[in-house]
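Student: I'm new to this one. Could you show me how to read it, one feature at a time?

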Amino acid sequence: MPLVEFTPNLTSQTEAPPCQVDGGTVAETLAAVFVRHPRLRGYVLDDQGALRPHVVVFVDGTTVRDRRLLSDPVIPESEIFVMQALSGG
C-alpha cells in the first residue's frame, strides 16, 4: 500500500500521521486518508477537490502533474509526500 506522509506544519494544524492506504491514483489514495482523517481534507484540497494553491504533492520524489483531478498514478510501493508551501518575510 502507498505510504502518505505530511509535513510537520500540517501535522501541527490537524491530525496528519503517516498512513498506508490503498489507491491507484493520487486522488484515490488521498480520499482513503481523508476517510481516516476528515479534517485534513480542507487543508489539502479546495471545495472542487483540487489541490490548494499552497499545497504540493510529490509521488516518489516527483511533483504531481494533475493538480485538478489528481489522476497521477500510484503503485503499492509509492511514497507520497504532502507539503504546504510557506511564504512571508
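Tutor: Sure. Let's start with a cut-off: a residue is called buried when its relative accessible area is under 20%, exposed when that area is over 50%, and partly exposed in between. Keep in mind that this is a predicted model.

Student: Let me try that on Thr29. Is Thr29 buried or exposed?

Tutor: Thr29 has 0% relative accessibility, so it counts as buried. You'll find Thr29 in helix H2, which covers residues 26-36.

Student: Which residues is Thr29 in contact with, if I skip its neighbours within four places in sequence?

Tutor: Pro2, Val4, Val21, Asp22, Gly23, Gly24, Val74 and Ile80 are in contact with Thr29. As for distance, 13 Å separates the C-alpha atoms of Thr29 and Val44, which are 15 residues apart along the chain.

Student: What about Val26?

Tutor: Val26 is found in helix H2 too. Its relative accessible area is 0%, so Val26 is buried. Once neighbours within four places in sequence are left aside, Val26 is in contact with Val57, Val59, Val64, Leu70, Asp72 and Val74. Take Val74: it is 48 residues from Val26 in sequence, yet their C-alpha atoms are 6.3 Å apart in space.

Student: Leu70 is on that list. How should I read its backbone angle?

Tutor: General idea first: most residues other than glycine have a negative phi. Now the case here: Leu70 is not a glycine, but its phi is positive, about 60°. Leu70 lies in the loop between E4 and strand E5 (79-84). With 2% relative accessibility, Leu70 counts as buried.

Student: Which loop holds Asp60, and what is its phi near?

Tutor: Asp60 sits in the loop between strand E3 (55-59) and strand E4 (62-63). Its phi is near 50°, again a positive value in a residue other than glycine. Asp60 has a relative accessible area of 44%, so it is partly exposed.

Student: What kind of surface patch does Asp60 help form?

Tutor: A negative one, made up of Glu5, Asp60, Glu77 and Glu79. To be part of a patch, a residue needs over 30% relative accessible area and no salt bridge. Take Glu5 from strand E1 (residues 3-6): its relative accessibility is 31%, so Glu5 counts as partly exposed.

Student: Now for Pro8. Is Pro8 buried or exposed?

Tutor: At 66% relative accessibility, Pro8 counts as exposed, because exposed means over 50%. Pro8 belongs to helix H1, residues 8-13. You can also compare sequence with space here: Pro8 and Gln84 are 76 residues apart in sequence, and 9.4 Å apart from C-alpha to C-alpha.

Student: And Ala50, where is its place?

Tutor: Look in the loop between helix H3 (41-44) and E3 for Ala50. Ala50 has a relative accessible area of 10%, so it is buried.

Student: Which residues does Ala50 touch, not counting those up to four places away in sequence?

Tutor: Ala50 touches Val44, Leu45, Arg67 and Arg68. For a distance, try Ala85: it is 35 residues from Ala50 along the chain, and their C-alpha atoms are separated by 16 Å.

Student: Let me recap the angles. Leu70 and Asp60 both have a positive phi, but Leu70 is buried, whereas Asp60 is partly exposed.

Tutor: That's how to read them. Leu70 is also in contact with Val26, while Asp60 takes part in the negative surface patch.

How values were computed. Residues are numbered from 1 along each chain as its sequence is written. This is a predicted model: local features need pLDDT of at least 70, side-chain atom pairs count only at pLDDT 80 or more; totals for chains, interfaces and linings use all residues. Side-chain values use heavy atoms; hydrogens and water are left out. Helices (H or I, at least four residues) and strands (E, at least two) are DSSP runs, numbered from the N terminus. Buried means under 20% relative accessible area, exposed over 50%, partly exposed in between (1.4 Å probe, protein chains only). Contact means heavy atoms within 4.5 Å. Patches are made of residues with over 30% relative accessible area and no salt bridge: like charges are joined within 9 Å, nonpolar side chains (Val, Leu, Ile, Met, Phe, Trp, Tyr) within 5 Å. Accessible areas come from the Shrake-Rupley method with a 1.4 Å probe; for residues, only the protein chains shown count as cover. A salt bridge is a side-chain nitrogen of Lys or Arg within 4 Å of a carboxyl oxygen of Asp or Glu. Lys and Arg count as positive and Asp and Glu as negative; His and the chain ends are not counted. The place of a charge is taken as NZ of Lys, CZ of Arg, CG of Asp or CD of Glu.
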